[in-house]
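Reader: I would like a close look at one part of this model, taken step by step. Please start from a single pair of residues and work outwards.

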Amino acid sequence: MSNAGGMSTIARYADMLAGNAVFVDTAYESIATTTLSTATASITFSSISATYQHLQIRVFAQTNRATFGGDGVQLQLGTTSADTGSNYAYHDLSGNGASAAGQGQTTQTKIILGANAGVIGSTAGGVFGGIVIDILDYANTNKYKTVRSLGGMDDNAVSAGFGTAIDVTSGLWMSASATGTIKLMPLNGSNFNQYSSFALYGIRG
Amino acid sequence: MPSTYEPIATNTLGSATASITFSSIPNTYTDLILVVNAKAQSADIYPQYKLNTSSTLSRVYFSGDGASASSGKSADNYIVGTQQVYASGFLFNAICHFMNYSNTTAFKAVLVRNNNASRGTEALVSVWRSTAAINAIEYYASGNFDVGSTFTLYGIKAA
């Protein structure tokens with residue numbers, strides 16, 4: 001904005017929102033958050049309301065895996081409890097800094113996020129990793145449920161082997177039941193470490 | 001339930017510039033999301049970022065260009081990714097997730113998806129090896145972002 005033309009007093013705003021009420025997206029709501037004060041073997045969100053269109057889980061976590069810098073996460077869905085049957089499939093694409101790779105599995109008892117690549121950190125690597133998980137049309141009773149995720153961790157080459165990586169995963173829960181329960185567990189470690197955070201959000205249609 | 005996907009600041013360029021800084025970011029959110037749609041003014045450019053004026057980030061990525069997929073990593077590198085912002089049009093977009101950005105007990109992880117509609121796509125994670133809360137993000141390049149490029153920072157607050 002210029003002061004040319006004799007205008008001596010002009011309000012200068014750093015952004016387009018300045019001077020106006022902040023727009024709040026009411027379609028995206030926080031449902032529940034768990035931040036661990038002690039190491040925990042699994043995280044379960046239950047009694048999830050069916051009032052949203054989609055769900056998103058935002059994870060910032062580390063496991064107690066001691067041998068490699070990264071770890072994966074197991075995901076199970078269910079109605080009132082997590083389905084442990086062979087009703088899942090997943091595929092992923094990942095990069096570890098040396099090569100890109102893809103793989104997939106069917107007839108599984110869980111969806112694995114980061115099956116070939118660390119998507120969260122571990123005690124060995126010393127860092128936390130992040131995952132953004134979307135569960136689409138989770139309450140629809142006419143469809144199987146699909147999941148997608150973006151996750152990764154980078155320990156700056158502190159650990160060897162199964163460490164620094166970036167991953168995208170697609171998952172399928174072959175059930176037309178509404179999703180009322182979500183369970184997350186470490187893939188290799190036995191616990192999520194202290195300070196790990198798991199936040200569940202609902203997105204309205 | 002509390003609504004919680006709030007725009008913190010938006011910058012739509014009225015003149016070409018090489019650097020956009022979001023400063024004095026409050027620590028009242030859980031995650032930050034930066035959404036970019038950009039065009040370079042003249043030469044193609046690689047976007048880069050700094051957190052709290054520090055550029056010591058390591059990264060790992062995978063990318064695809066329509067013919068093959070590849071992966072790479074580097075330590076202490078501040079280039080956001082391998083996808084360039086082209087001068088030929090608004091072909092570049094990015095979504096950057098700054099996870100638990102105000103956590104003071106852990107290093108910061110940033111998840112990024114970069115797309116150049118005429119070149120390729122990639123996913124990337126980088127770590128900023130600091131336990132300091134992120135209070136400033138500078139998104140910049142060696143050349144100018146062109147007029148009309150947009151940079152919006154959102155905050156997500158967990159219950």
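Which residue is the bridge partner of Gln48(B) in strand 10 of chain B?

Author: The model is a predicted one. In strand 10 of chain B, Gln48(B) has Tyr140(B) as its bridge partner. That pair belongs to a longer contact: strand 4 of chain B and strand 10 (residues 137-145) of chain B run antiparallel and are joined by four bridges.

These two strands are part of an open sheet of three strands in chain B, with the order 2-10-4 and antiparallel pairing. Strand 2 (17-22) and strand 4 (48-51) of chain B are its edge strands, and each of them pairs on one side only. On average, neighbouring strands of this sheet are turned by 20° against each other, direction ignored. As a general point, the strands of a sheet pair through backbone hydrogen bonds, and the pairing can be parallel or antiparallel.

Chain B also has an open sheet of eight strands, in the order 1-11-3-7-8-9-5-6, and here too the pairing is antiparallel. Its edges are strand 1 (5-12) and strand 6 (69-74) of chain B; each has a single partner strand, so one side of each has no neighbour in the sheet. From one strand to the next, the twist averages 15°. Within this order, strand 5 (residues 57-64) of chain B and strand 9 (residues 120-128) of chain B pair in the antiparallel sense over eight bridges. One position can serve as an example: Tyr61(B) stands opposite Leu124(B) in strand 9 of chain B.

Several of these strands also take part in the contact with the other chain. That contact takes 42 residues from chain B and 44 residues from chain A. On the side of chain B that touches chain A, at least two residues each come from strand 1, strand 5, strand 6, strand 7 (92-99), strand 8 (108-116) and strand 9 of chain B. Strand 1 of chain B gives the largest share of that side, seven residues. Sorted by class, the side of chain B that touches chain A holds 21 nonpolar, 14 polar and seven charged residues.

One residue of the other chain can be added. Asn142(A) lies in the loop between strand 10 (129-136) and strand 11 (145-153) of chain A. Asn142(A) counts as exposed because it has 6 C-beta neighbours inside 10 Å, and the cut-off for exposed is 12 or fewer. Asn142(A) and Ala101(A) are 41 residues apart along the chain, and their C-alpha atoms are separated by 33 Å.

Technical notes:
Residues are numbered from 1 along each chain as its sequence is written. Chains are lettered from A and ligands numbered from 1 in the order in which they are written. This is a predicted model: local features need pLDDT of at least 70, side-chain atom pairs count only at pLDDT 80 or more; totals for chains, interfaces and linings use all residues. Two strands pair if DSSP finds at least two bridges between them. Axes are lines fitted to C-alpha atoms, for helices over the stretch in contact, and angles run from 0 to 180 degrees between N-to-C directions. Two residues are in contact if their C-beta atoms, placed from the backbone, lie within 7 Å. Ala, Val, Leu, Ile, Met, Phe, Trp, Tyr, Cys and Pro count as nonpolar, Asp, Glu, Lys and Arg as charged, and the others, Gly among them, as polar. A residue is buried if 20 or more other C-beta atoms lie within 10 Å of its own, exposed if 12 or fewer, and partly exposed in between; C-beta atoms are placed from the backbone.
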